[in-house]
Amino acid sequence: MTAVIETRDLTKTYGTVRALDGLSLSIPRGGVYGVLGPNGAGKSTLFRILLGLIKPTSGSASVMGGAVGDIAAGRRMGSMIETPRYPPYMTARQVLEWLSIAHGLKSDSQRIDRWLDRVGLTEASNRRVRGFSVGMLQRLGVAAALITEPELIILDEPTSGMDPPGIQEMRALIRSLADTDGITVILASHQLLEVQRVCDRVAIMNRGKLVREGSVTELTATGERLRLSLTPMAQALSVLGDKGTIEGNAILAAIPRAEAPALLRALIGQGIDIDEARWVGADLESVFMTETGSIQTPETIHAR
Ligand SMILES: Nc1ncnc2c1ncn2[C@@H]1O[C@H](COP(=O)(O)OP(=O)(O)OP(=O)(O)O)[C@@H](O)[C@H]1O
């Protein structure tokens, strides 16, 4: 697994606040990688260090094999780390032309048209950004991050302030950047359902530390249970003992997959009618809540 980003014992302190506290992280090349954590976990601090905007207090970080701040490596990455602001009198197209020149590129209208199209701003390309919605500004920000044709982009809360259709479009765009263009996308988001849908792997941070890392499939497979719709429930619960809990009109059985056939035979042997049996995983939200010590509710534990 080639890493595009490696950090080792990365620490950043602001006075007495430890924004990052010995963070060691390896982000693989390819796919969509989510950086999650509650407010103040240190996500933006990490991104700022990776982009060379601030220096760590101690530890090291490398981006695509180069030290952070390395100009050649920096050219191969793009970013949108805040809701972008552009001169309000410029059109979307002028913003991208202006940024191309600022990056030392020729203002290539074909490239600009392509990215405007990819972010869904072709029709609005000649409108001044002063009239743009938050969602349109975010999409223009993504096009701006892509104008140098980077191999890696970092997006901090790319869907904040967007409505559900806008979020869905952004999700499709992010996925296609990874799948069609081969760009590694790193994103921070508080929208855990979106993260679960769009990311291949995630890192969960809390108080400047890494508390969990892995593929979304791996993380959500932990805590997998067999969901049984059956009657009578009381009799099934007596078979399951402390491995069974009630969820709505079904029973969740906390058993390994290998034990399922024997359990189903035992239930049928007791004359219990089974309407449905299926495996349900934990969702990313419940993993997040557990790992960051946030309050759990039955909904966050069992919701899918
Ligand atoms: N320039 C700064 N000066 C002082 N403290 C800072 C500064 N930047 C960040 N911090 C503190 O560092 C900690 C981590 O902040 P950071 O913005 O990296 O967290 P975050 O995970 O991005 O949070 P959010 O989800 O709210 O964006 C917080 O306690 C924050 O108050």
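This short talk covers the shell around the ligand and one open sheet in a predicted model.

Let's start with the ligand. Which residues are around it? They are Y14, V17, A19, G37, N39, G40, A41, G42, K43, S44 and T45. By class, the shell divides into four nonpolar residues, six polar and one charged.

Now, where do they come from? Two elements, β2 (17-28) and α1 (43-50), each supply at least two residues of that shell. Which element gives the most? That is α1, with three residues.

Next, the sheet. It is open and has four strands. Read across, the order is β12-β13-β11-β14. The pairing is antiparallel. At the edges stand β12 (244-247) and β14 (273-280). Each has a single partner strand, so one side of each is left without a neighbour in the sheet. From one strand to the next, the twist averages 30°.

Let's look inside the sheet. Strand β11, residues 225-231, and strand β13, residues 250-253, run antiparallel. How many bridges join them? Three. Look at L228: I251 in β13 stands opposite.

Two helices also pack on this sheet. Take α9 first, residues 233-240. Helix α9 touches β11, β12 and β13. Its direction makes about 10° with that of β13. Then comes α10, residues 260-269. Helix α10 touches β11, β13 and β14. Here the direction of the helix makes about 160° with that of β14.

To recap: α1 gives the most to the ligand shell, and α9 and α10 pack on the four-stranded sheet.

Note on methods:
Residues are numbered from 1 along each chain as its sequence is written. This is a predicted model: local features need pLDDT of at least 70, side-chain atom pairs count only at pLDDT 80 or more; totals for chains, interfaces and linings use all residues. A residue is near a molecule or strand if its C-beta atom, placed from the backbone, lies within 6 Å of it. Ala, Val, Leu, Ile, Met, Phe, Trp, Tyr, Cys and Pro count as nonpolar, Asp, Glu, Lys and Arg as charged, and the others, Gly among them, as polar. Two strands pair if DSSP finds at least two bridges between them. Axes are lines fitted to C-alpha atoms, for helices over the stretch in contact, and angles run from 0 to 180 degrees between N-to-C directions. Two residues are in contact if their C-beta atoms, placed from the backbone, lie within 7 Å.
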